[in-house]
Every structure is written in structure tokens, then in C-alpha cells.
Amino acid sequence: MSAPKRAGDRGERAVAAFLERRGYALLDRQWRCRQGELDLVALDGGGTLCFVEVKLRGSGAIGLPREFVDSRKQSRLRAAAACYLSARALDVPARFDVAEVYDDETPPRIEYIENAFE
């Protein structure tokens, strides 16, 4: 496994734990379909399905992690989310969140953005 993949997995684990501490139920990790991958899928305490894009940044990174969830990435996430909802036959409120993980701190700092885009 490559170093970037290990770091990404570490970031996703940190966000999963962060969400569970806040009462979210984690449903899936690294869910894949033809349209792409969803890093994390969770259900918040109010019953909203959250598609969580995890962005990891270490020291020396330029820009905010959320800036890397551009319109092209958002389009792929929307398509993968539609596939997920169809595959699971779900009809629930849903939203797209972005979790920024700053890996240059111990423990990693997480900035969580609900409703990051529509």
C-alpha cells in the first residue's frame, strides 16, 4: 500500500471516529460504484444521510482542502451518491459534507463542513 493511500485511510479513520463521537452512525467507508467513490457515508442524529468527502492535508500544503472539492469533483460525488441511494433503495434527506483533516498536528485537527455543496 502506498504512503498516500495509508495517509488517506488514516484520515478517513479519524473522521469516522469524529463522527461517531458526535452521534453519527457510520454506514459505509470507501463505497465504490461505476460513478466513483464515496469516502464515508453516515447517518446523522436527525436522520439525514451524509456523504462525507475527506480531504487530508499535511504540512506545506497550499490552499484549503475544501478548495479541492471543485465542480468536477462535486459532479462525480453527486453521481456516486445517486448510485448509492438507488443501490440501497433509500428515500431519505441527504447532504454533502467535507471533512478537512490536518495531519500535521497530533492528534489530527478536523474541520467539518456540513452542507458543503448541493
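## A buried contact in strand E4

The side chains of glutamate 100 and tyrosine 102 make a polar contact at 3.0 Å. The model is a predicted one. Glutamate 100 sits in strand E4, which runs over residues 94-102. Is glutamate 100 buried or exposed? Its relative accessible area is 0%, so glutamate 100 counts as buried.

## Aspartate 97 and its partners

Strand E4 also holds aspartate 97. Its relative accessibility is 0% too, so aspartate 97 is buried. The side chain of aspartate 97 forms a salt bridge with the side chain of arginine 95, with N and O 2.8 Å apart. Arginine 95 is buried as well, because its relative accessible area of 8% is under the 20% limit. This pair does not stand alone: salt bridges with shared partners join Asp44, Arg95, Asp97 and Glu114 into one network.

Aspartate 97 has a further contact. What does its side chain reach at 3.0 Å? The answer is the backbone nitrogen of asparagine 115.

## Two positive phi angles

Asparagine 115 belongs to strand E5, residues 109-117. Its phi is positive, about 50°, although asparagine 115 is not a glycine. Asparagine 115 is exposed, because its relative accessible area of 54% is over the 50% limit.

Where is glutamine 30 found? It lies in strand E1, which covers residues 25-33. Glutamine 30 is not a glycine either, yet its phi is positive at about 50°. Its relative accessible area is 22%, so glutamine 30 counts as partly exposed.

## Salt bridges elsewhere

How many salt bridges does the model hold? The count comes to eight. One of them pairs glutamate 53 with lysine 73, with the closest N and O atoms 3.5 Å apart. This pair links distant parts of the chain. Glutamate 53 is in strand E3, residues 49-57, and lysine 73 is in helix H2, residues 71-87. The two residues are 20 apart along the chain. Both glutamate 53 and lysine 73 are buried.

Another salt bridge joins glutamate 37 to arginine 32. Here the closest N and O atoms are 3.0 Å apart. Glutamate 37 has a relative accessible area of 24%, so it is partly exposed. Arginine 32 reaches 54%, so it counts as exposed.

## Cysteines without a bond

How many disulfides are there? The structure holds zero. Cysteine 50 is in no disulfide, and the nearest cysteine sulfur, in cysteine 33, is 18 Å away. Cysteine 50 is buried, because its relative accessible area is 0%.

Why does cysteine 83 form no disulfide? The closest cysteine sulfur, in cysteine 33, lies 3.4 Å from that of cysteine 83. A disulfide needs the two sulfur atoms within 2.5 Å, so 3.4 Å is too far for a bond. Cysteine 83 is partly exposed, because its relative accessibility is 23%.

## The largest pocket

A water-sized probe rolled over the atoms shows where empty space is left. In this model the largest pocket has a volume of about 240 Å³. Which residues lie nearest the centre of the largest pocket? They are Gly8, Asp9, Glu12, Asp39 and Val54, out of a lining of 14 residues.

Several elements each give two or more residues to this lining. They are helix H1 (3-21), strand E2 (36-43) and strand E3. Strand E3 is also where glutamate 53 sits. What kinds of residue make up the lining of the largest pocket? Nine are charged, three are nonpolar and two are polar.

## In brief

Aspartate 97 meets arginine 95 in a salt bridge, and its side chain also reaches the backbone nitrogen of asparagine 115. Glutamate 53 and lysine 73 are both buried, and their salt bridge links distant parts of the chain. The lining of the largest pocket has nine charged residues. Disulfides number zero.

Conventions:
Residues numbered from 1 in each chain as written. Predicted model: local features only at pLDDT ≥ 70, side-chain atom pairs only at ≥ 80, totals over all residues. Heavy atoms only, no water. Salt bridge = Lys/Arg side-chain N within 4 Å of Asp/Glu carboxyl O. Buried < 20%, exposed > 50% of the residue type's maximum accessible area, 1.4 Å probe, protein only. Helix = DSSP H or I, 4+ residues; strand = E, 2+ residues; numbered from the N terminus. Polar contact = N/O pair within 3.5 Å; in protein donor to acceptor, adjacent residues only side chain to side chain. 1 Å grid on protein atoms, 1.4 Å probe; cavity = no way out; pocket = protein on both sides within 12 Å on 5 of 7 lines; lining within 4 Å. Points joined across faces, edges and corners; volume = space filled by probe spheres on them. Nonpolar A, V, L, I, M, F, W, Y, C, P; charged D, E, K, R; others polar.
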